[in-house]
Amino acid sequence: MVWRVLADFRSYRRLFYAQVVALAGTGLATVALALLAYDLAPGRAGQVVGTALTIKMLAYVGAGPLLTAALARAPRRAVLVGSDAVRALAVACLPLVDQVWQVYVLIAVLQCASAAFTPTFQAVIPELVDDRGYTSALALSRLAYDLEALASPLLAALLLVLVPFDGLFALTALGFTVSGVLVATTALPARSPASQSPRRAAASWRVFATDRRLMALMALNMAVAVATALVLVDTVVFVRSHLGGTDTGVALMLACFGAGSMLVALALGALVDRFGTRALMLTGPAVATAGAAATVLGWTLAPGPAVLGAGWAVLGAGWAVLGAGCALVSAPTGRLLREAAPEGALAGVFAAQFALSHACFLLTYPLAGWAGNLDPILLLGGAGTLTGMCALAAAGLWRPSPVAADRAATVEDR
């Protein structure tokens, strides 16, 4: 069971709790930000939120590798706790603003701190657990993100009955503070001398241009970004415009996507043991492509809510398959990065992956927004085609090593 790692590794357990608390706060802040935008600019709240999310992605893409290089010599506990402190302060200031530009500045500060925190956090985990535990840790991390996406809007709705939306920012700041305290009281391994080289940390991204496994990972990142953007951006169009549903229907369809991802996360340990990281990750975009194709077929045969809600069933099942396909890529990525990272460069490689994967969303989010006006068949078919192309590119780049092939042949001979 993936939960066993929490009992076996005390230091990891504390960091996992820190991650969960911080993610819960982030989810509350996302809801509160939309309400703040409407309060400051009722006529263009959507533009404000969209700009804030763009700033978030730009901070992730630009700040992650630079901050990792600049902080290469700093103690990791100081980086993590300092990042949490900056995030808590930035969120606590959001209720005090009265101009939209102030929101943008604080969001930039908040997301730059997150861009420093996340790769450092990810690079620490492999040093706290063994190989089997690391697979479970990756699964739990994926579960935490999925649960945040599912539970935070519901939690925010309950809290808004008791407190004004400003209170959600206060709870978010409290979450980051608790995260910082948990990290500060956790025993973390010291950096290796090699990892303290700013030059090595800054140059870690170069391995993505020389290691064919990581070149394939970039194609896989794009496949995940295409499928995720389709779901997050266009679900509201499918539900409200084509199925005649309500906001509750939108939430349910998004939950189907999260449920598919969670199922993969729960089974990750067994899947990695059975099939290996390479086979699992290359299967991800193929599953997403199959899910999009099946949804096209189902939507053609039972469009809209006409046949006893068949349109809802088709969309929900399709979104669950897309969620599973994305998780097959995202959940084991940490194992691949650990295997491919040069000595002392793990944090830099995580930072490069953090930036490159989010750069894909800078392309796919606007594309999904523009394509939302297309016929559903064209939209789903286009997304399936793109993920299929990414699958072929990744498979062509990431071929099994001779050692792995010899092992497979030996097993077959037996």
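In this predicted model, the axes of helix 13 (residues 277-301) and helix 17 come within 8 Å and cross at roughly 160°. An angle over 145 degrees counts as roughly antiparallel, so helix 13 and helix 17 are roughly antiparallel to each other. Helix 17 is worth keeping in view, as it also gives the most residues to a nonpolar patch on the surface. The points below take you through the helix pairs, that patch, the salt bridges, one mostly covered helix and a few contacts between residues apart in sequence.

**Helix pairs**

- Helix 13 passes helix 17 in a left-handed crossing.
- A second pair to look at is helix 2 (residues 10-40) with helix 5 (residues 100-124), whose axes come within 13 Å and cross at roughly 165°.
- With that angle over the 145 degrees that marks a roughly antiparallel pair, helix 2 and helix 5 are therefore roughly antiparallel to each other.
- The crossing of helix 2 past helix 5 is left-handed.

**A nonpolar patch on the surface**

- Six residues make up this patch, namely Leu367, Trp370, Leu374, Leu378, Leu386 and Met389, and together they have about 620 Å² of accessible area.
- Helix 16 (346-371) and helix 17 (376-397) are the elements that give two or more residues to the patch.
- Of these contributors, helix 17 gives the most, with three residues.
- Leu374 sits in the loop between helix 16 and helix 17.
- The relative accessible area of Leu374 is 33%, which lies between the 20% limit for buried and the 50% limit for exposed, so Leu374 is partly exposed.

**Salt bridges**

- The count of salt bridges comes to four, and three of them are described here.
- One of them joins the side chains of Arg76 and Glu127, with an N to O distance of 2.9 Å.
- This pair links distant parts of the chain, since Arg76 lies in helix 4 (residues 76-93) and Glu127 in the loop between helix 5 and helix 6 (131-160), 51 residues apart.
- Arg76 counts as buried at 8% relative accessibility, whereas Glu127 is partly exposed with a relative accessible area of 42%.
- Asp84 and Arg87 form another salt bridge, and their closest N and O atoms are 2.6 Å apart.
- Because Asp84 and Arg87 are three residues apart in helix 4, about one helical turn separates them.
- Both ends of this bridge are covered: Asp84 counts as buried at 1% relative accessibility, and Arg87 counts as buried at 5%.
- Asp211 and Arg213 form a salt bridge too, with 2.8 Å between the closest N and O atoms.
- Asp211 is buried, having a relative accessible area of 13%, while Arg213 is partly exposed at 25%.

**A mostly covered helix**

- Helix 15 (residues 333-340) is mostly covered, with six of its eight residues buried.
- Those buried residues are Thr333, Gly334, Arg335, Leu336, Leu337 and Ala340.

**Residues apart in sequence**

- Ala352 has its place in helix 16 and counts as buried, with 4% relative accessibility.
- Between Ala352 and Phe208 there are 8.3 Å in space, C-alpha to C-alpha, although the two are 144 residues apart in sequence.
- Helix 5 holds Ala108, which is partly exposed with a relative accessible area of 26%.
- The C-alpha atoms of Ala108 and Ala59 are separated by 6.5 Å, and these residues are 49 residues apart along the chain.
- Val105 is found in helix 5 and is partly exposed, with a relative accessible area of 42%.
- From Val105 to Leu94 the C-alpha atoms are separated by 9.9 Å, with the residues 11 apart along the chain.

Technical notes:
Residues numbered from 1 in each chain as written. Predicted model: local features only at pLDDT ≥ 70, side-chain atom pairs only at ≥ 80, totals over all residues. Heavy atoms only, no water. Buried < 20%, exposed > 50% of the residue type's maximum accessible area, 1.4 Å probe, protein only. Helix = DSSP H or I, 4+ residues; strand = E, 2+ residues; numbered from the N terminus. Patch = residues over 30% accessible without salt bridge, like charges linked within 9 Å, V, L, I, M, F, W, Y side chains within 5 Å. Areas by Shrake-Rupley, 256 points an atom, 1.4 Å probe, with all protein chains shown as cover. Axes fitted to C-alpha atoms, helices over the stretch in contact; angles between N-to-C directions. Parallel < 35°, antiparallel > 145°, perpendicular 65-115°, else oblique. Left-handed = near helix turned anticlockwise from the far one by under 90°.
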